[in-house]
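Got your viewer open? Load the model and keep the selection box handy.

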Amino acid sequence: MHLKTWILTIALLLPIAVAAQVSGDVDESIEQWVEETGDDASASELTDQLLELRDSPVNINDTTAVGRLPMITPFMEKALRNYILLYGQMESIKELYLIPGFDSATVEMLKPYIVAEPIETKRRWRLSDGHVSLVSGIGGTVEQAVGYQDGRYEGDNLRAYTCFNYNYRNKILLRLAYDKDPGEAWGKNNFIGYHLMLNDMGRLEKLIVGRYNLQFGQGVTLWTGFAPFRMMGQTPVRFGGGVRAASTFYEQDYQEGVAATLRLGRSWHASAFASSVSGEKLMGGHLDYRRGDLILGATVSHTALDDSNAMSDLVYNQDYFRGRTLTNVGVDAAWQYGRLLLYGEAAVDDSLGKAVIAGARYAFNSHHSLGINCHHYDARYHNLHAEAHSVGSTWNEKGVSLDAKVRLPLRIDAMASLDLHSSPGLRYGSYSPSSGDWLRAQLRRQIGRRTHVTVRYAYRRKERNIPNVDSTLYLGESTIRQQLQVEASSTMGPWTLRARAIATSFDSENGVQETGWLALLDGRYSGERLQINAGASYFDINGYYARIYLNESHLQYAFSMPTMNGQGVRAYIVVRYSVNEHLAVNAKYGLTLYADRESIGSGAAQIDANHQQTWMIQVRLKY
């Protein structure tokens with residue numbers, strides 16, 4: 001089928017299959033959060049968490065459960081508890097507007113994931129209070145890559161997964177998950193995830209057996225699993241969730257073993273953990289003090305490897321960790337005084353490598369705020385499980401970040417974030433000290449209650465080795481990537497429509513110049529039982545460095561963010577149908593058609609066609 005025929009077919013089908021805000025399941029603010037990274041794994045974990053919360057919303061009157069919400073800070077939890085103690089349980093989520101710290105933007109972000117329902121202060125244990133959910137899906141590509149045809153892949157091209165959840169009043173939570181990726185043989189090296197979690201049982205605040213994550217302070221000393229992306233205009237402060245259950249299918253940087261948190265009094269909490277994963281043992285603990293608007297914490301972790309972490313003798317990795325054991329110790333603090341928030345963390349390793357981060361934010365009101373963040377991570381600060389705010393990683397980097405949010409005349413909301421950073425030591429891709437800048441800005445105008453227009457701009461300068469230069473001098477160059485995006489979105493009853501245009505450019509001192517643009521139309525129809533999401537885009541991008549990430553609507557545990565490069569068309573449709581309150585059936589079909597090539601990919605992943613079709617079918621049961 002020729003490109004013009006494909007375009008005509010898509011244009012005819014689109015009005016029938018009108019669909020959503022980029023994801024239909026992730027509200028606009030969270031979508032922005034996801035789009036600002038190319039890390040598919042981390043983005044997948046965040047969206048899976050949010051989809052689980054949408055499927056099983058948190059009762060805000062249950063103050064022991066609100067910690068499941070990634071948007072809630074400890075200070076907001078405290079304000080929520082105080083409000084309920086003073087005025088009783090909330091009858092509507094609109095009451096959140098009356099609580100200090102819950103501005104309109106935060107409440108709007110929370111709405112899809114919360115309910116306000118009465119709870120009994122004393123309840124007898126009843127089996128009927130437990131809830132069970134089961135999600136199973138299968139999908140793949142229609143076209144077969146050459147690796148499947150000649151046997152280079154051990155299994156077929158299907159991805160199949162199942163996740164079972166049991167939740168008893170947020171006190172007992174059990175999860176079992178199975179995931180087979182494309183190329184894997186059935187029943188061989190497939191991913192199996194599990195955990196049993198006990199919550200809020202007297203002095204036992206939390207106990208997890210199985211797979212979990214550890215998130216303390218700002219992430220300088222210890223942080224595993226998903227690390228929050230920095231939203232534009234927001235200071236990158238973090239409030240570690242402590243011991244947390246690992247996301248269902250996140251296969252990176254999780255811990256496996258036992259972890260627990262105990263209440264030692266009104267203000268003191270202690271956590272301990274022991275884990276063994278893939279030849280690495282991790283153990284340690286965390287102690288924190290929370291009183292009023294002050295949080296103080298101390299963390300120690302010890303890592304032992306079965307084999308020495310021997311690194312190859314390459315130029316860029318001369319400062320990397322080598323050895324079998326590593327100990328990290330750190331302290332963290334956060335203090336909120338009225339509208340001012342101060343926070344920071346400092347850590348050292350057993351070779352006295354140091355890492356420090358500190359920041360401040362002042363919120364004048366819900367529309368105006370300023371923030372600053374400074375960090376300094378030694379080139380020889382070694383930590384296998386650190387994930388603090390940075391442009392690159394939590395070692396070999398120092399920098400300052402500035403953030404601002406302001407309401408301009410004509411009710412235009414403006415936001416901006418600026419990062420100035422440098423790497424004093426060598427790093428992969430830059431075999432000399434390097435520096436960079438990253439600016440992001442946005443203007444947004446709300447037109448009435450249902451329409452908005454947004455303009456975003458991003459400028460990023462990085463230094464790298466000049467590619468394809470045969471020299472032992474490792475000559476360097478500066479590169480600049482820019483992206484401009486204009487978007488309009490409107491909601492009319494059950495319909496939501498959005499149009500978006502994106503232009504990118506990439507320039508290097510050595511003469512590499514690439515440009516690209518993409519035009520997207522998508523939308524959503526939301527009925528009582530049926531929801532249809534669909535979108536179509538045309539792209540013309542003449543190089544990899546000018547690539548554009550396209551965040552689409554997706555099914556739970558099946559996150560997708562196609563990378564657009566070349567010239568062609570991308571279209572997708574997602575259909576969700578609720579048979580009844582217990583059963584839902586969902587499906588997704590996607591098509592990418594290229595006009596500038598006869599094959600897609602390379603090596604074993606090469607598809608000998610100019611198009612690729614993907615599909616996924618999912619069944620959800622809930623009791």
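We'll go from the whole chain to a few stops worth selecting.

Before you click, this is a predicted model, where local features need pLDDT of at least 70, side-chain atom pairs count only at pLDDT 80 or more, and totals for chains, interfaces and linings use all residues. Residue numbers run from 1 along each chain as its sequence is written, and side-chain values use heavy atoms, with hydrogens and water left out.

**Whole chain**

Start with a cartoon view: the chain has six helices and 29 strands. Those are DSSP runs numbered from the N terminus, with helices being H or I of at least four residues and strands being E of at least two. Now colour by burial: of the 623 residues, 48% are buried (buried is under 20% relative accessible area, exposed over 50%, partly exposed in between, using a 1.4 Å probe and protein chains only). Switch on a surface and you're looking at about 29100 Å² of accessible area, with 58% of it belonging to carbon and sulfur atoms (Shrake-Rupley method, 1.4 Å probe; for residues, only the protein chains shown count as cover). If you like contact maps, take the contacts between residues at least 6 apart in sequence: 58% of them join residues at least 24 apart (a contact is heavy atoms within 4.5 Å).

**Stop 1: β3, β4 and β5**

Select residues 159-168, which is strand β4. Seven of its 10 residues are buried, so β4 is largely enclosed by the rest of the structure. On one side, 10 bridges tie β4 to β3, running antiparallel (strands pair if DSSP finds at least two bridges between them). Pick Val-135 and you'll find Cys-163 in β4 as its bridge partner. β4 also pairs with β5 (residues 172-180), antiparallel again, through nine bridges, and Ala-160 sits opposite Lys-180. Three residues separate β4 and β5 in a hairpin, and Arg-169 in that turn has a positive phi of about 50°.

**Stop 2: the nonpolar patch**

Which residues make the nonpolar surface patch of about 810 Å²? Select Val-132, Ile-138, Trp-186, Tyr-577, Val-579, Val-585, Ile-617, Val-619, Leu-621 and Tyr-623. β3 (130-141) and β29 (611-622) are the elements giving two or more residues, and β29 has the largest share, with three. Tyr-623 falls in the segment after β29 and is exposed, at 55% relative accessible area.

**Stop 3: β18, β19 and β20**

Next, grab β18 (residues 412-423) and β19 (residues 434-447), an antiparallel pair joined by 12 bridges. Ser-422 stands opposite Ser-435 here. Add β20 (residues 451-465), which runs antiparallel to β19 with 11 bridges. Ile-447 pairs with Thr-451 in β20, and the β19-β20 hairpin has three residues between its strands, including Gly-448 in the turn with a positive phi of about 70°.

**Stop 4: two single residues**

Zoom to Asp-200 in strand β6 (residues 191-201). Its side chain makes a polar contact of 2.9 Å with that of Arg-263 (a pair of N or O atoms within 3.5 Å; within protein, one must be able to donate a hydrogen and the other to accept it, and residues adjacent in sequence count only if both atoms are side-chain atoms). Leaving aside neighbours within four places in sequence, Asp-200 is in contact with Thr-64, Lys-171, Glu-205 and Arg-263.

Finish on helix α3 (residues 40-55), where Leu-50 lies. Leu-50 is buried, at 0% relative accessible area. Run a C-alpha distance from Leu-50 to Leu-69, 19 residues apart along the chain, and the separation is 8.4 Å.

Key
Patches are made of residues with over 30% relative accessible area and no salt bridge: like charges are joined within 9 Å, nonpolar side chains (Val, Leu, Ile, Met, Phe, Trp, Tyr) within 5 Å. A salt bridge is a side-chain nitrogen of Lys or Arg within 4 Å of a carboxyl oxygen of Asp or Glu.
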